[in-house]
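Here's a quick tour of one protein model, with two helices and a ligand site on the itinerary. Have the structure open while you read.

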Amino acid sequence: MLSYRHAFHAGNFADVLKHSVLTLVLEYMVRKDKGFTYIDSHSGAGMYSLNDEYAQKTGEYKGGVAKILAAVNDDNFPEALMPYVELLHKLNNENDELDIYPGSPGIAKQFMRRQDSTHLFELHPTDIQHLTEFCARWNKSHVKQSDGYKGILGLIPPPSRRGVVLIDPPYELKEDYVKAVKTIVKAYKKFTSGTYILWYPVVTRERINAMEKDFSRSDVKNLLKVEFCLQADSEEYGMTGTGLFIVNPPWQLENQLSEILPYLKAKLGEDQSTFTLEKLIEE
Ligand SMILES: C[S@@+](CC[C@H](N)C(=O)[O-])C[C@H]1O[C@@H](n2cnc3c(N)ncnc32)[C@H](O)[C@@H]1O
């Protein structure tokens, strides 16, 4: 079953959290000259247009990135969101009107240097086509239409021993919740110093609790959990919130998130919105 298309959701509140974190992590990685490997197990199409029929049909970006960009001149706009905002402005030729919205490969492409390499996995027949075209002239990018979970395990540890792995499944299949954590646990055994970012939707709280339990029973150390929920937990309304598990986060990320999260609540949230930032497992 491959019905999920990220084009419908590009730039929504969950993307704002995920992509601002990815931007901060990659910005940190390029501070050192030494090359690194970026692995994206569930890549999507790479780049989206917010003016196309998909984004316009749901209008989800209006409750996400559009609100953030409209607030850039606020006195209290968080410094930690600026790298994400600057990247969006650059991709849109500094126009205030947002058209292009980068997926995770689109964000990575802005950071990767000659010494870095990128591995992107995607299964959907249409999205793999878009992704392949997007990467056509991107040196040291490798696109594969194959299972991203297996793909990660075949690539680590990277030769440079520096790496970032993003796991961003659609969770159409319930097994994704278990498989994603299992993959990190296995990968961590082979590559303990890598940074792993796992995205999740808040749909059923029990599934997230089970993921936490699986991490706590594993060898994984230095695990940060960040979550932003628009509404209180409910199994009736689909995705009420979004979160990330981050293994080996850059050292300033927790501080940066403590600046970003209250702002997201104020700008994108409602009265009942909440956020969490928690070191689940210490180093
Ligand atoms: C949430 S989207 C990815 C969005 C993207 N990471 C971003 O941030 O822009 C999930 C993608 O995973 C793809 N997918 C589903 N199962 C997969 C698998 N086992 N391996 C690789 N890709 C998969 C789907 O086709 C979909 O495009």
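Let's start with helix H8, which runs over residues 175-190 and so has 16 residues. From its first C-alpha to its last, H8 reaches 23 Å, close to the 22 Å expected at 1.5 Å a residue. Keep in mind that this is a predicted model.

**Helix H8**
- Which residues of H8 are buried? They are Tyr-177, Ala-180, Val-181, Thr-183, Ile-184, Ala-187 and Tyr-188.
- These buried residues sit on the same side of H8, because they cover an arc of only 155 degrees around the axis.
- A general rule helps here: an α-helix has 3.6 residues a turn, so residues three or four places apart point the same way.
- Turn to the face of H8 that points away from the buried side, and you'll find the exposed residues Glu-175, Lys-189 and Lys-190.
- The buried residues of H8 pack against several elements, including helix H7 (148-155), strand E6 (163-167) and helix H9 (205-216).

**Helix H7**
- Over in H7, the buried residues are Gly-148, Tyr-149, Gly-151, Ile-152 and Leu-155.
- They share one side of H7, because their arc around the axis is only 160 degrees.
- Lys-150 and Gly-154 are exposed, on the face of H7 turned away from its buried side.
- Among the elements covering the buried residues of H7 are strand E1 (37-40), strand E4 (117-121) and H8.

**Around the ligand**
- There are 21 residues around the ligand, and His-42, Gly-44, Gly-103, Ser-104 and His-124 come nearest.
- What is the shell made of? It divides into 7 nonpolar, 9 polar and 5 charged residues.

Terms used
Residues numbered from 1 in each chain as written. Predicted model: local features only at pLDDT ≥ 70, side-chain atom pairs only at ≥ 80, totals over all residues. Near = placed C-beta within 6 Å. Nonpolar A, V, L, I, M, F, W, Y, C, P; charged D, E, K, R; others polar. Helix = DSSP H or I, 4+ residues; strand = E, 2+ residues; numbered from the N terminus. Expected span 1.5 Å × (residues − 1). Buried ≥ 20, exposed ≤ 12 C-beta atoms within 10 Å, placed from the backbone. Arc of directions from axis to C-beta. Contact = placed C-beta atoms within 7 Å.
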